[in-house]
Every structure is written in structure tokens, then in C-alpha cells.
Amino acid sequence: MSGPIPAYTLTRRRMKNLRMVVRPGTGEVAVSAPLRTPQREIDAWVRSKAAWIEAKQAEAAAQPAALAPGPEADALRRALRPVLAALIAEWVPVMGVPEPTWGMRIMRTRWGSCNTTRRSLTFNVELARHGYHLVEYVVVHELAHLLEPNHGPGFYAVMDRHLPGWREHRAELNGRAVD
Ligand SMILES: [Zn+2]
């Protein structure tokens, strides 16, 4: 394989496989790599994905700007609210976490976030465009932060225990982070 290596940012993590996302909006290529994978191996992998990256970046450039406040956002919010309420009510006792406060926002880069000191969860209103299982994944992820604030081994153990298929769900939500 030859040809230029597409520009990318690299984060090293305790993980088994290389992973890549092309961020919507910016088209930025973000690569996560296991701690010990040699740089040249990462470069070669990124180069082998050049065509895919180019297609994704074209897709990202063609995407409309972030959802604007207005009737569409309101409709998504109305659709999502009862789904979130039901999921949180279901999962809080299962996971044994304290009752959080929660809300929805238009979020450009994330599907959800958790303020652990305030026990407050925030969900992206555009989750309403996705299937129930993906909303559930984001809910379980954010609730898991009430037990494990950081994305360490303890956090992933909680996810594996409660939602063994979560990695596939994360891949399906590719593009925005679940924080
Ligand atoms: Zn998280």
C-alpha cells in the first residue's frame, strides 16, 4: 500500500483493537489505539482506510448544520422525553444507582453526558431519531457514571454486566461521543 496517510488525531487507550471515527461537522479523523501498537502500524492501518475516510468526510461535509432550536427540535424532545423517563425508571433500581436529575439538549458532539457531582444527566435530543436500543445504551452509559465516574476498567465492567452488547451499540452511534 502506498499513498499519503490521511491526517488524524491519535489517542492511546487500554483497548484491544484500533478504532476510528470521522467526526460529523468537522470531518476530523480520530483514531484510538491500544497502548502498545507501533506508530507505523497505526499509520498503515489509517492509510488502508483512506478511501473509507474520504467517503465519510464527503458525507460529513454534506451534512446539514447542527439541529437548530425550533419545531423540529421540540418534536424530537417531546418524543424522547417519555422514552428517557421510562428507561431511567427501569434502570436506576437494576443498577442500584441514586436517582439522577436529567434533561435534554441540542448537542453537537455528544449523545449524552453526566455530571457526577450533581448527579445530573444530559441527553442529546437527536437521540429521538435512533432506535430504542441505542437510547437505552446511552442511558445505561450515563447511569454507569454514577457508579464509575471515569471510563476505566470498572466502568466497562459495569457496562458489560448490564448491557453486554454495548460495544455494537456504540459503533452504531458512530460520529458523536457518548461521554
Ligand atoms: Zn462516559
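Contact here means heavy atoms within 4.5 Å. By that criterion, and leaving out residues up to four places away in sequence, Met95 touches Val140, Leu143, Ala144, Leu147, Val158 and His162. The model is predicted.

**Cores**

Met95 also belongs to the largest nonpolar core, which has 33 residues. Along with Phe123, Tyr137, Val138, Val139 and Leu143, Met95 is among the residues with the most contacts inside this core. Four elements each supply at least two core residues: helix 3 (71-95), strand 6 (120-124), helix 4 (132-144) and helix 5 (153-162). Helix 3 gives the largest share, 9 residues. A second core is separate and has 9 residues, including Tyr8, Val29, Ile42 and Ile53. In soluble globular proteins, nonpolar side chains tend to be buried together.

**His162**

His162 is part of helix 5. Its relative accessibility is 17%, and the limit for buried is under 20%. His162 therefore counts as buried. Among residues more than four places away in sequence, His162 touches Trp91, Val94, Met95 and Val140.

**Helix packing**

Two packed helices are described by the angle between their axes and the distance between the axes. Two pairs are set out here.

| Helix pair | Axis angle | Axis distance |
|---|---|---|
| Helix 3 and helix 4 | about 50 degrees | 10 Å |
| Helix 4 and helix 5 | roughly 140 degrees | within 10 Å |

Take helix 3 and helix 4. Their axes pack at about 50 degrees, so the two helices are oblique to each other. The crossing is right-handed. Helix 3 makes the contact through Leu80, Val83, Leu84, Leu87, Ile88, Glu90, Trp91, Val92 and Met95. Helix 4 answers with Tyr132, Val135, Glu136, Val139, Val140, Leu143 and Ala144. The residues of this contact divide into 14 nonpolar, no polar and 2 charged.

Now helix 4 and helix 5. Their axes cross at roughly 140 degrees. Roughly antiparallel would need an angle over 145 degrees, so this pair too is oblique. The crossing of helix 4 and helix 5 is right-handed. On helix 4, Tyr137, Val140, His141 and Ala144 make the contact. On helix 5, the contact residues are Phe155, Val158, Met159 and His162. This contact comprises 6 nonpolar residues, 2 polar and no charged.

Some residues recur. Val140 and Ala144 of helix 4 take part in the contact with helix 3 and in the contact with helix 5. Met95 of helix 3 touches both of them, and Met95 also reaches Val158 and His162. His162, in turn, touches Val140.

Note on methods: Residues numbered from 1 in each chain as written. Predicted model: local features only at pLDDT ≥ 70, side-chain atom pairs only at ≥ 80, totals over all residues. Heavy atoms only, no water. Core = buried A, V, L, I, M, F, W, Y, C linked by side-chain atoms within 4.5 Å. Buried < 20%, exposed > 50% of the residue type's maximum accessible area, 1.4 Å probe, protein only. Axes fitted to C-alpha atoms, helices over the stretch in contact; angles between N-to-C directions. Parallel < 35°, antiparallel > 145°, perpendicular 65-115°, else oblique. Left-handed = near helix turned anticlockwise from the far one by under 90°. Nonpolar A, V, L, I, M, F, W, Y, C, P; charged D, E, K, R; others polar.
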